[in-house]
Amino acid sequence: MNKQETKKYQNFTVSLALFDALPVVFFCIGMFLIASRFHNLFFFIGTILCILAGCGKVLWKILVALKKWDIQFLNKQLRILMPLGFLLVIIGLINGRNSIHFTNLIHQMMIFPTCLFFGITIIGMICMNLFAFMLDGTKAKSNWIEQITNAIAQGCFLLGVLSMLF
């Protein structure tokens, strides 16, 4: 990384990088809980791609914080793997629709507090999309805003899944 790139990420800390792992862990647990009950290869591969995308971004932040290494592939791969992963998850849901009782699923999602958890998840994901255009990703403050929002959203996603399953 040259001096200008080093300055661009000089405020990235190890705590920011490690906090960035929290939403990845929440998402991972939630999706694996779903995948363990919904046996569909497309869904499973999509889940793995989304998790790899999140792990790559976390690794990038760790390397920037610890070594000041800006390995752009680890940063940019999220824009490829995440959409591809979610596309495969959707294909898996469509492909396995006969094994899903959507009426029961929607009913379960509308029960309190599950509806609150998933509602917060949706609001958080809308905010994350807005942040992609409104915040400066090279600034630590912007990253903290994004990661706190993402951690709350993914934590609520996990709580929603857990409240439906147990």
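Here are some short exercises on this structure, each with a worked solution.

This is a predicted model, in which local features need pLDDT of at least 70, side-chain atom pairs count only at pLDDT 80 or more, and totals for chains, interfaces and linings use all residues. Residues are numbered from 1 along each chain as its sequence is written, and side-chain values use heavy atoms, with hydrogens and water left out.

**Exercise 1. Get to know helix α2**

Work out how far α2 reaches, and which of its residues are buried.

Step 1: Start with what a helix is here. Helices are DSSP runs of H or I with at least four residues, strands are runs of E with at least two, and both are numbered from the N terminus.

Step 2: Check the span. α2 has 24 residues, and its first and last C-alpha atoms are 36 Å apart, close to the 34 Å expected at 1.5 Å a residue. That expected span is 1.5 Å times one less than the number of residues.

Step 3: Look for burial. Buried means under 20% relative accessible area, exposed means over 50%, and partly exposed is in between (1.4 Å probe, protein chains only). The buried residues of α2 include L16, D20, F27, C28, G30, M31 and L33.

Step 4: See what lies over them. The cover includes α3, α5 (78-95) and α8.

Step 5: Zoom in on L16, which lies in helix α2. L16 counts as buried because its relative accessibility is 0%. Contact means heavy atoms within 4.5 Å. Leaving aside neighbours within four places in sequence, L16 is in contact with N143, W144 and Q147. For a long view, L16 and N98 are 82 residues apart along the chain, and their C-alpha atoms are separated by 42 Å.

**Exercise 2. Track down the salt bridges**

How many salt bridges does the count come to?

Step 1: Set the rule. A salt bridge is a side-chain nitrogen of Lys or Arg within 4 Å of a carboxyl oxygen of Asp or Glu. Side chains of opposite charge can pair when their charged atoms come close.

Step 2: Count. The rule gives two salt bridges.

Step 3: Take K61 and D20, whose closest N and O atoms are 3.5 Å apart. This pair links distant parts of the chain: K61 sits in helix α3 (residues 41-67) and D20 in helix α2 (residues 14-37), 41 residues apart. Both K61 and D20 are buried.

Step 4: Now take D136 and K139, with closest N and O atoms 3.9 Å apart. D136 counts as partly exposed because its relative accessibility is 34%. K139 is partly exposed too, with a relative accessible area of 47%.

**Exercise 3. Hunt for disulfides**

How many disulfides does a search of the whole structure find?

Step 1: A disulfide is a pair of cysteine sulfur atoms within 2.5 Å. The search finds zero of them.

Step 2: Try C55. The nearest cysteine sulfur belongs to C28, and it is 7.1 Å away. C55 itself is partly exposed, at 39% relative accessible area.

Step 3: Try C115. Here the nearest cysteine sulfur is that of C156, 12 Å away. C115 counts as partly exposed, at 30% relative accessibility.

**Exercise 4. Map the nonpolar cores**

Which residues of the largest nonpolar core touch the most other members?

Step 1: A nonpolar core is a set of buried Ala, Val, Leu, Ile, Met, Phe, Trp, Tyr and Cys residues joined through side-chain atoms within 4.5 Å.

Step 2: Among the 16 residues of the largest core, the answer is F27, M31, F43, F118, F157 and V161.

Step 3: Find the suppliers. α2, α3 and α8 (140-165) each give at least two residues, and the largest share, five residues, comes from α2.

Step 4: Another core lies apart from this one, with eight residues, among them L16, W60, L74 and A140.

**Exercise 5. Pair up the rings**

How many aromatic pairs does a search of the whole structure find?

Step 1: Rings of Phe, Tyr and Trp (its six-membered ring) pair if their centres lie within 6.5 Å; planes under 30 degrees apart are stacked, over 60 edge-to-face, and the rest tilted. The search turns up seven pairs.

Step 2: Take F12 and W60. Their ring centres are 5.9 Å apart and their planes are at 85°, so the pair is edge-to-face. F12 lies in the loop between α1 (3-8) and α2, and W60 in helix α3, so the pair ties together parts that are 48 residues apart in sequence. Both F12 and W60 are buried.

Step 3: Finish with a cluster: F27, F86, F118 and F157 form one aromatic cluster.
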